[in-house]
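Dear colleague,

I am handing over the structure we spoke about, together with notes on what turned up in it. Please look through the structure first and then read the notes beside it.

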Amino acid sequence: NSSSTDPRARKKAKFPGIQNSSNLCWLNSLAQTLHRTREFRRLVLDFDGPQDNIMAFFAELFSQLRKDSSHIVNLKHLVASVPDRFLSGKHEDAEEQLGLLFQELEKISPVIVAPFAISSRITHKCSACPWMLLNDFTEYNVKLKFDQTKPTLKEVLAEEALEKFVPDSQCPKCNRAKYLQYSWEPSNYIIFHLATPNKLIKYPLVLDLNSMDTANDCYFQDVVHMKKRLQSAYMKGRKVFTLYSVIMHYGNANQGHYVAFIKYDGAWSKYDDERVTPIKLQDMFKSRVPCTPYLILYRRYVPRL
């Protein structure tokens, strides 16, 4: 978790950075992504409830991140509103910490995290009789496991939707084999958590959940004519989402560094603590240190009026 205060990097920055303090690169990457999530930012800044909790942290942080690019946010005087369990000083798992942050925010106001809510269902079925059991729950990310035979997001999601045999499990009615099927319905945003990170995996710029017919399998391709395709899909009532943030992990499971790549106002930037620099997607993996995408974020496409 090293950081730099190189003034040359700051001059190139379009947006303010956040100083890395006590191994909080995971928080910096998540905070920059959440700040660039318009709906979440609006809900935080418009919140009129008690300001003596983690909401106070996000409200003040977001206010400072609206300043000019020469500004570097110092977290030291802000973390007083953050529960101690988020400030261990150790290298933390960004996905686990994001889940805990959402739990804290949900206690304050479920409306704040509603844009990220995913309505999930596990359906248990019998192979022989009509028995069925539905298990409905809410989660805030979709965990994905990739292998070499299914290297694209489209293929993995199609595999996740299939009925699967449940070993050593029997129907309570007829004692025959049991199957289960996992399905989910997103709100306005989707957070994909890569349980098995692999930088060779391909993610689409545009994700159509109705047909899984992605506009591009790899997000390093140009998006010429994409706007017309998006508008056409939207007018047909399709569930179309666009890629807007990739939180990358550098290093290994025991130590490393988080960096966010975020698309805002049509351009991508790299948010590496204090350093915020413009970047092209094809340059995302150019690093001397091993790096892999860890959290991939999409937002529902809605045409701007």
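**Arg 275 and the charged pairs**

Arg 275 is partly exposed, with a relative accessible area of 25%. Its partner in a salt bridge is Asp 272, and the closest N and O atoms of the two are 2.6 Å apart. Asp 272, for its part, is buried, because its relative accessible area of 7% falls under 20%. Please keep in mind throughout that this is a predicted model.

The structure holds seven salt bridges, and two others deserve a description here. In one of them, the side chains of Arg 121 and Asp 136 meet with 2.6 Å from N to O. This pair links distant parts of the chain, since Arg 121 belongs to strand S3 (residues 118–126) and Asp 136 to strand S4 (residues 132–139), with their positions 15 residues apart in the numbering. Arg 121 counts as partly exposed at 33% relative accessibility, and Asp 136 likewise counts as partly exposed, at 49%.

In the other, the side chains of Glu 104 and Lys 107 form a salt bridge with an N to O distance of 3.9 Å, which can be set against the limit of 4 Å used for such a pair. Glu 104 and Lys 107 both lie in helix H5 (residues 94–108), where they are three residues apart, or about one turn of the helix. Glu 104 is buried, with a relative accessible area of 14%, whereas Lys 107 counts as exposed at 65% relative accessibility.

**A buried acid without a salt bridge**

Which side chain of opposite charge is nearest to Glu 139, and how far away is it? The nearest is Lys 143, at 5.5 Å, and Glu 139 is buried yet has no salt bridge; the distance is not within 4 Å, and therefore the pair does not count as one. Glu 139 is found in strand S4, and its side chain does have polar partners. One polar contact, of 2.5 Å, joins the side chains of Glu 139 and Ser 120, and another, of 2.4 Å, is made between the side chain of Glu 139 and that of Tyr 182. When neighbours within four places in sequence are left aside, the residues in contact with Glu 139 are Phe 116, Ala 117, Ile 118, Ser 120 and Tyr 182.

**Aromatic rings**

The count of aromatic pairs comes to 15. One of these pairs is formed by Phe 40 and Phe 58, whose ring centres are 6.0 Å apart and whose planes stand at 85°, so the pair is edge-to-face. It links distant parts of the chain, with Phe 40 in helix H3 (residues 38–45) and Phe 58 in helix H4 (residues 54–65), 18 residues apart. Both rings belong to buried residues, Phe 40 having a relative accessible area of 0% and Phe 58 one of 1%. Phe 40 and Phe 58 are also members of one aromatic cluster, which is formed together with Phe 57, Phe 62, Phe 102, Phe 116, Tyr 140, Tyr 189 and Tyr 244.

**Arg 36 over two rings**

Arg 36 lies over the face of Phe 15, at 3.9 Å from the ring centre, and it also lies over the face of Tyr 264, at 4.3 Å from the ring centre. Tyr 264 has its place in strand S11 (residues 256–264) and is buried, with a relative accessible area of 13%. Although Tyr 264 and Arg 36 are 228 residues apart in sequence, they are 6.8 Å apart in space, C-alpha to C-alpha. Leaving aside neighbours within four places in sequence, Tyr 264 is in contact with Phe 15, Arg 36, Arg 38 and Arg 41.

**The chain as a whole**

The secondary structure of the chain comes to eight helices and 14 strands. The chain has 305 residues, of which 47% count as buried. Among contacts between residues at least 6 apart in sequence, 67% join residues at least 24 apart.

With kind regards

Note on methods: Residues numbered from 1 in each chain as written. Predicted model: local features only at pLDDT ≥ 70, side-chain atom pairs only at ≥ 80, totals over all residues. Heavy atoms only, no water. Helix = DSSP H or I, 4+ residues; strand = E, 2+ residues; numbered from the N terminus. Buried < 20%, exposed > 50% of the residue type's maximum accessible area, 1.4 Å probe, protein only. Phe/Tyr/Trp six-rings, centres within 6.5 Å; stacked < 30°, edge-to-face > 60°. Lys NZ or Arg CZ within 6 Å of the ring centre and 35° of its normal. Lys, Arg positive; Asp, Glu negative; His and termini not counted. Polar contact = N/O pair within 3.5 Å; in protein donor to acceptor, adjacent residues only side chain to side chain. Contact = heavy atoms within 4.5 Å.
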